[in-house]
Amino acid sequence: RRFGRQFALVCLPSRRRIEDPWTHVRALAHELSSLLRRVDRVWIDGPCVYMLLPECNRTMAEAMLLRIREPLARMAGEDAPPEASLAVFPEDGLTKGALFSSLITDRRTSSLDAKRRSVPTA
């Protein structure tokens, strides 16, 4: 906040119903980190893979999601890539709680809003 820098937070929930989801999510996170910049961070929380994209606004994050769409679908082992939810600091929230709440809201509305706003899903 102090320096006025933006960042994007992306959540990719795993949709696969497999015996060992932890191994799948861990492999997805590892492979996903190879598609991102060196400054970006990837971590796992439950069935979701999160990405922190420093110095990214919404437009830049959406462009990144479009760029990795096909490789992400291959990594996820699905016909279509998982739908991503996106929150951007500071416009979607100023605190960690507000940003994660925005991610949840975006996930619930992403399929409807994607058609209206032409937002890519990853």
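## Strands 2 and 3 and their hairpin

In this predicted model, strand 2 and strand 3 run antiparallel to each other and are paired over five bridges. Within that pairing, D45 stands opposite C48 of strand 3. The hairpin formed by strand 2 and strand 3 has two residues between the strands, and in this hairpin G46 takes a positive phi near 65°.

Strand 3 is mostly covered, since five of its seven residues are buried. Strand 3 also pairs with strand 1, again in the antiparallel sense, and this pairing extends over seven bridges. Two positions along it can be named: F7 stands opposite P54 in strand 3, and L9 has L52 of strand 3 as its bridge partner.

## The sheet and the overall fold

The pairings described above belong to an open sheet of four strands, arranged in the order 2-3-1-4 with antiparallel pairing. Strand 2 (41–45) and strand 4 form the edges of the sheet, each of them pairing on one side only. On average, and with direction ignored, neighbouring strands of this sheet are turned by 20° against each other.

Taken as a whole, the protein has four helices and four strands, and along the sequence these follow the pattern β-α-β-β-α-α-β-α. Of the contacts in the protein with a separation of 6 or more, 64% are accounted for by residues 24 or more positions apart. Buried residues make up 43% of the 122 residues, while the accessible surface of the protein comes to about 7,500 Å², with 53% of that area belonging to carbon and sulfur atoms.

## The nonpolar cores

The largest nonpolar core holds 21 residues, and the members that touch the most other members are A8, V10, L12, L32, M51, L53 and M64. At least two residues of this core are supplied by each of strand 1 (7–13), helix 1 (21–33), strand 3 (48–54), helix 2 (58–67), helix 3 (69–76) and strand 4 (85–89). Helix 1 provides the largest share of this core, namely four residues.

M64 shows how positions separated in sequence are brought into contact: when residues up to four places away in sequence are not counted, M64 touches L36, M51 and L53. Apart from the largest core lies another one, made up of eight residues, including C11, A87, F89 and L103.

## Helix 3 and the residue that follows

Helix 3 contains several buried residues, namely P71, L72, A73, M75 and A76. Just after helix 3, the backbone at G77 takes a positive phi of about 70°.

## Salt bridges

Side chains of opposite charge can pair when their charged atoms come close. The count of salt bridges in this model comes to four, and three of them can be described through the residues R37, D40, R58, E91 and D92.

In one salt bridge, the side chains of R37 and D40 meet with an N to O distance of 2.6 Å. The two partners fall into separate burial classes, because R37, at 36% relative accessibility, counts as partly exposed, whereas D40, at 8% relative accessibility, counts as buried.

R58 takes part in two further salt bridges, one with E91, in which the closest N and O atoms are 3.2 Å apart, and one with D92, in which the closest N and O atoms are 2.3 Å apart. Both pairs link distant parts of the chain: R58 lies in helix 2, while E91, 33 residues apart from R58, lies in the loop between strand 4 and helix 4 (96–117), and D92, 34 residues apart from R58, is in the loop between strand 4 and helix 4 as well. D92 counts as partly exposed because its relative accessible area is 24%. Together, R58, E91 and D92 are linked in a network of salt bridges.

Definitions and conventions. Residues are numbered from 1 along each chain as its sequence is written. This is a predicted model: local features need pLDDT of at least 70, side-chain atom pairs count only at pLDDT 80 or more; totals for chains, interfaces and linings use all residues. Side-chain values use heavy atoms; hydrogens and water are left out. A nonpolar core is a set of buried Ala, Val, Leu, Ile, Met, Phe, Trp, Tyr and Cys residues joined through side-chain atoms within 4.5 Å. Buried means under 20% relative accessible area, exposed over 50%, partly exposed in between (1.4 Å probe, protein chains only). Contact means heavy atoms within 4.5 Å. Two strands pair if DSSP finds at least two bridges between them. Axes are lines fitted to C-alpha atoms, for helices over the stretch in contact, and angles run from 0 to 180 degrees between N-to-C directions. Accessible areas come from the Shrake-Rupley method with a 1.4 Å probe; for residues, only the protein chains shown count as cover.
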